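Please look through the sequence and the model shown below before reading on. The report that follows takes up a few features in turn, with short headings to guide you.

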Amino acid sequence: MGSFLGQNPIFSWLALMALFLEVRQRTQTGLLIIRELKLESWPVDITVMPSLIELKTGEDCKALKLPQEVKLVPSSCRGLQYVPGDGLHMRFLVQASLNTEMLPTVGDSLKSKKRFTFYCQTCGESIISDQTFLRVLSLPSENWSDLVDEWCCHPNPFNESAFHPQKNDCFLGHNYFLINPGNESPESGFQICHSESQDPSSKNSGSASNSEANSRVICKRCRTLLGEVMPSGVTKYYFTELLVQPSEDCFNAIPRSLFIQSAVARCLVELSSSRSTFRFSIEGTDGAVYILIWLLNSDTLLVESLGNIASSEDFTLLEHAMPSDSRPSKIQKAIKLLYHPCIKSRNKDLYDTWRNDTGVHPLRFPSKTCLDLLLILSQSTASLPPSLQWMNSFQVAFLKM
């Protein structure tokens, strides 16, 4: 591409180079950033090829190889600029595709008339073993009864109706599923705690609309909140807390961070697609609001090739760490979102506005999972180039699918 002139480098800096590429699948365009390219590292020759980016200074040379699913169109380069703190920005047309399977969710895994085992995703304890459902059905939206008046020319015939699964039924919501207590054996790996034994974090909320009146379902081994027993006696489990696998398969552990990202991301994508909803409030079972989320796009592919830079360690706290110099360049499907934390009454004015907006969809998860999600989003933001971390007062993050 050319040579950038400046002072001679005073040390070997090529090991610090890192690559960030954000690709939009629909438009086949991408933003490429060569990170840690500082002024003192110049002059440097940068050559862009479809599958390779080569950096040279003096006798030193480093190649940043792209995944085989990604091909740049070098002649389409535009928007070339150096951004202090970020590195070198440029935009390209990109030929990219990704056909790898995403992490399974409960809704994807469950099929009727097949045997499944439900595991606590946090510790791997078997919660419900060898369960076969005769019916696995999707629930309508939570406000379905409010719309009946628009469909019927006579009084609402469903006023007193409720959807309760019978024995051997499983009803799927957008981020939870319901089963009949008759499907749960006494030897199951969960324990029911009644409302008077609530955890301390839930006692501070005075909201009448939260889940405190319901009995909690927790894992016997790690005490993680898995779900709750509804007043009707039906048990509600959250997708983010259980891993469902065919009973004949061995337990396959998935890092907690990756599982939460995938489960939440796919929930947001499905809701945005089916209901044209792009704004969400993340609420805990304690009635508190933790995060406000605005989904920007769901067709993102991320490519990261990390060098020995401090930021490469930002996003490993909840995942299996790998030495930065041994991490290969890889491609991952992700969603891009804007968010505001709401803990400790932060962004209260915005939350008050969103709360009264019918275009905002509330999503409830266990309170600890909400905090885990907020930590994941914060780590994602911190790992981005500084110029990409904020947009219109919102913080920017990616959730990998």
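The sections below describe a predicted model, moving from a sheet to a helix, then to aromatic rings and nonpolar cores.

## An open sheet

In this predicted model, 7 strands form an open sheet in the order 11-12-13-17-16-15-14, and the pairing is mixed. Strand 11 (135–138) and strand 14 (190–193) stand at the edges of this sheet, and because each has a single partner strand, one side of each is left without a neighbour in the sheet. From one strand to the next, the twist averages 25 degrees.

Within the sheet, strand 12 (residues 169–172) pairs with strand 13 (residues 176–179) in the antiparallel sense, over 3 bridges. In this part of the model, Phe-171 stands opposite Leu-178 in strand 13.

## Helix 3

Helix 3 covers residues 256–275, and at 1.5 Å a residue its 20 residues should span 28 Å, which agrees with the 28 Å between its end C-alpha atoms. Because 14 of the 20 residues of helix 3 are buried, this helix is largely enclosed by the rest of the structure. The residue that follows helix 3 is Ser-276, whose phi is positive, near 55 degrees.

A further contact in space concerns Thr-122, which is placed in the loop between strand 9 and strand 10. With a relative accessible area of 44%, Thr-122 is partly exposed. Although Thr-122 and Pro-255 are 133 residues apart in sequence, their C-alpha atoms are 8.5 Å apart in space.

## Aromatic rings

A pair of aromatic rings is described by the distance of the centres and the angle of the planes. A search of the whole structure finds 9 aromatic pairs. One of them joins Phe-118 and Phe-133 in an edge-to-face arrangement, with 6.2 Å from centre to centre and 85 degrees between the planes. Phe-118 belongs to strand 9 (residues 115–120), while Phe-133 lies in the loop between strand 10 (126–132) and strand 11, so this pair ties together parts that are 15 residues apart in sequence. Both Phe-118 and Phe-133 are buried, and they form one aromatic cluster with Phe-177, Phe-190, Tyr-237 and Phe-239.

The rings of Trp-294 and Phe-394 have centres 6.1 Å apart and planes at 90 degrees, so this pair is edge-to-face. Trp-294 in strand 20 (residues 289–305) and Phe-394 in strand 24 (residues 394–400) are 100 residues apart, and their pair links distant parts of the chain. Trp-294 counts as partly exposed because its relative accessibility is 35%, whereas Phe-394, at 9%, counts as buried.

Charged side chains also lie over rings in this model: Lys-236 is over the face of Tyr-176, at 4.6 Å from the ring centre, and Arg-279 is over the face of Trp-294, at 5.5 Å from the ring centre.

## Nonpolar cores

In soluble globular proteins, nonpolar side chains tend to be buried together. Here the largest nonpolar core has 26 residues, and those with the most contacts inside it are Leu-21, Ile-46, Ile-53 and Leu-72. The elements that give two or more residues to this core include strand 2 (18–24), strand 3 (29–35), strand 4 (44–49), strand 5 (52–57) and strand 20. Strand 8 gives the most to this core, with 5 residues.

Apart from this core lies another, of 25 residues, and among them are Tyr-290, Phe-365, Leu-374 and Met-401.

Note on methods. Residues are numbered from 1 along each chain as its sequence is written. This is a predicted model: local features need pLDDT of at least 70, side-chain atom pairs count only at pLDDT 80 or more; totals for chains, interfaces and linings use all residues. Side-chain values use heavy atoms; hydrogens and water are left out. Helices (H or I, at least four residues) and strands (E, at least two) are DSSP runs, numbered from the N terminus. The expected span of a helix is 1.5 Å times one less than its number of residues. Buried means under 20% relative accessible area, exposed over 50%, partly exposed in between (1.4 Å probe, protein chains only). Two strands pair if DSSP finds at least two bridges between them. Axes are lines fitted to C-alpha atoms, for helices over the stretch in contact, and angles run from 0 to 180 degrees between N-to-C directions. Rings of Phe, Tyr and Trp (its six-membered ring) pair if their centres lie within 6.5 Å; planes under 30 degrees apart count as stacked, over 60 as edge-to-face and the rest as tilted. A charge sits over a ring if NZ of Lys or CZ of Arg is within 6 Å of the ring centre and within 35 degrees of the ring normal. A nonpolar core is a set of buried Ala, Val, Leu, Ile, Met, Phe, Trp, Tyr and Cys residues joined through side-chain atoms within 4.5 Å.
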